Amino acid sequence: RTLSVSLAQHSYPIHIGSSIYPKLPYLLTEVGVSTKRSLMIISDSQVAPLYLNQVQSILEQAGYRIGTAIFPAGEKKKNLQQVEELIEQCYHWGLDRQSVIVALGGGVVGDLAGFVAATYMRGISFVQLPTTLLAHDSSVGGKVGVNHRLGKNMIGAFHQPLMVVFDVDTLTTLPRRQLISGYAEVIKHGLIWDRTFVQWLAMRAEPLLSLDRASVIEAIERGCQVKATVVAQDEKELGIRAVLNYGHTIGHALEAISFYQQYTHGEAIAIGMAGAARLSRQVLGAHASLVEQTEALLRSFQLPTRFEQDWDETEFIQRMTQDKKARGGKLTFILSKQLGNVEIVRDVDAVMVKNVLREIRRGSC
Ligand code: NAD
Ligand code: ZN
């Protein structure tokens, strides 16, 4: 399956399929990368032993000159020091302005390798080969970057890839918890934009969790479609793109307050979406069924809808006002009146947020 992201300056294809890596040379020439150009594959220590050989030999056999750079897996390495090390490796290998970086891995590899591509010699082309379900989200939209001790994803750029090639066979080796977390973003894409996609997902938790190929390809395609549509309307996040942050205000606060240890990103935003649905009932008068359907859907994918700890509410609220979307200390939320539809709501009353936090704390109803 192929879909296209259309942006002001250029558009690029997203190819999703089973066993599609053998088509990489053909797909590269389609986006204008001839075998005369050299490629640098950047991957992490967990993904490289699984898929690097395959990708590298397919590309070498087609005649490309290939370099590789591997860094230790994990969010901790998504920092400026790692960028410098990768840039050094690219330089010593002889990467020039005509070369193309190939990011093979999950969101960490995509963000980091994409940032190297955005900055090396003032920017060179790159291609995304996502290997996690979450990366259906991170590989589309052109946000690349690294963390800083002052904040997650603090340093970055907008740099669109030449194309995205998602071979869903790679998901078979993904740890189950990571797979389930990825479905939180898939579900989010349905909840914010596409009611029929939500209904489709509600009937397919079982085949999707057991990686039935046709279902997975369709889920990723529909998720990417939502992301691409939103990004095409607002590439630089000046307005509507913020709807992609549904569930993220509470989710980011949960992640930060537990020092990124307790929850995966997907788990945190699942809880955040349960909270956002409840807040939508209070603030927008959304029907109770919105909450019920949202939570039932998340639970059917084995995602959490409640959190454990007894944190200080004021600190929790303060974390949310530090969220990127909170301007001037006011609480801004993405809320939903109906499944498949959201809006940006500013100046949400902190008392209502506290009520919701009590509702989604484990032990409450
Ligand atoms: P990740 O890249 O760290 O992958 C999770 C773990 O799974 C890693 O240990 C990785 O080595 C391993 N792994 C990856 N693919 C595998 C496979 N096929 N088989 C076995 N193991 C595999 O994390 P992620 O969850 O993919 O992405 C999270 C990152 O994405 C965060 O840094 C987040 O900020 C970023 N992100 C970016 C955007 C964006 O728009 N740029 C959007 C959402 C998230
Ligand atoms: Zn997210």
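Contact here means heavy atoms within 4.5 Å. With that in hand, the helix pairs of this predicted model can be taken one by one, starting towards the C-terminal side.

Helix H11 (residues 265–284) and helix H12 (residues 288–300) have axes that come within 8 Å and cross at roughly 170°. Angles over 145 degrees count as roughly antiparallel, so that is how H11 runs relative to H12. On the H11 side, the residues that meet H12 are Ala270, Met273, Ala274, Ala277, Arg278, Ser280 and Arg281. Their partners in H12 are Ala288, Leu290, Val291, Thr294, Glu295 and Leu298. Sorted by class, the contact of H11 with H12 comes out as eight nonpolar, two polar and three charged residues.

Helix H7 (residues 195–202) and helix H9 (residues 213–233) make another pair, with axes that come within 11 Å and a crossing angle of roughly 155°. H7 is therefore roughly antiparallel to H9, and their crossing is left-handed. From H7, Thr196, Phe197 and Trp200 take part. H9 answers with Ser215, Glu218, Ala219, Arg222 and Gly223. The contact of H7 with H9 is a mixed bag, with three nonpolar, three polar and two charged residues.

Then there is the pairing of helix H3 (residues 80–93) with helix H4 (residues 107–119), whose axes lie 10 Å apart and which pack at an angle of about 60°. That angle makes H3 and H4 oblique to each other, and the crossing is right-handed. H3 brings Leu80, Gln82, Val83, Leu86, Ile87 and Cys90 to the contact, while H4 brings Leu112, Phe115, Val116 and Thr119. No charged residue shows up in the contact of H3 with H4, which divides into eight nonpolar and two polar residues.

H3 also holds His92. With a relative accessible area of 63%, His92 is exposed. From His92 to Arg1 it is 91 residues along the sequence and 37 Å through space, taken C-alpha to C-alpha.

His159 is another histidine to look at, and it sits in the loop between strand S8 (151–158) and strand S9 (163–167). Its relative accessible area is 19%, and since buried means under 20%, His159 counts as buried. The side chain of His159 reaches the backbone oxygen of Ile124 at 2.8 Å. Ile124 also appears among the residues in contact with His159 once neighbours within four places in sequence are left aside. The others on that list are Gly114, Ala117, Ala118, Phe126, Gly142 and Val144.

Backbone angles turn up a couple of oddities. Most residues other than glycine have a negative phi. Ser19, however, has a positive phi of about 50° despite not being a glycine. Ser19 belongs to the loop between strand S2 (11–17) and helix H1 (24–30), and at 46% relative accessibility it counts as partly exposed. Asp347, not a glycine either, has a positive phi of about 55°. Asp347 is in the loop between strand S11 (341–345) and helix H14 (350–359). Exposed means over 50% relative accessible area, so Asp347, at 51%, counts as exposed.

Conventions. Residues are numbered from 1 along each chain as its sequence is written. Chains are lettered from A and ligands numbered from 1 in the order in which they are written. This is a predicted model: local features need pLDDT of at least 70, side-chain atom pairs count only at pLDDT 80 or more; totals for chains, interfaces and linings use all residues. Side-chain values use heavy atoms; hydrogens and water are left out. Axes are lines fitted to C-alpha atoms, for helices over the stretch in contact, and angles run from 0 to 180 degrees between N-to-C directions. Helices (H or I, at least four residues) and strands (E, at least two) are DSSP runs, numbered from the N terminus. Angles under 35 degrees count as roughly parallel, over 145 as roughly antiparallel, 65 to 115 as roughly perpendicular and the rest as oblique. A crossing is left-handed if the near helix is turned anticlockwise from the far one by less than a right angle, and right-handed if clockwise. Ala, Val, Leu, Ile, Met, Phe, Trp, Tyr, Cys and Pro count as nonpolar, Asp, Glu, Lys and Arg as charged, and the others, Gly among them, as polar. Buried means under 20% relative accessible area, exposed over 50%, partly exposed in between (1.4 Å probe, protein chains only). A polar contact is a pair of N or O atoms within 3.5 Å; within protein, one must be able to donate a hydrogen and the other to accept it, and residues adjacent in sequence count only if both atoms are side-chain atoms.
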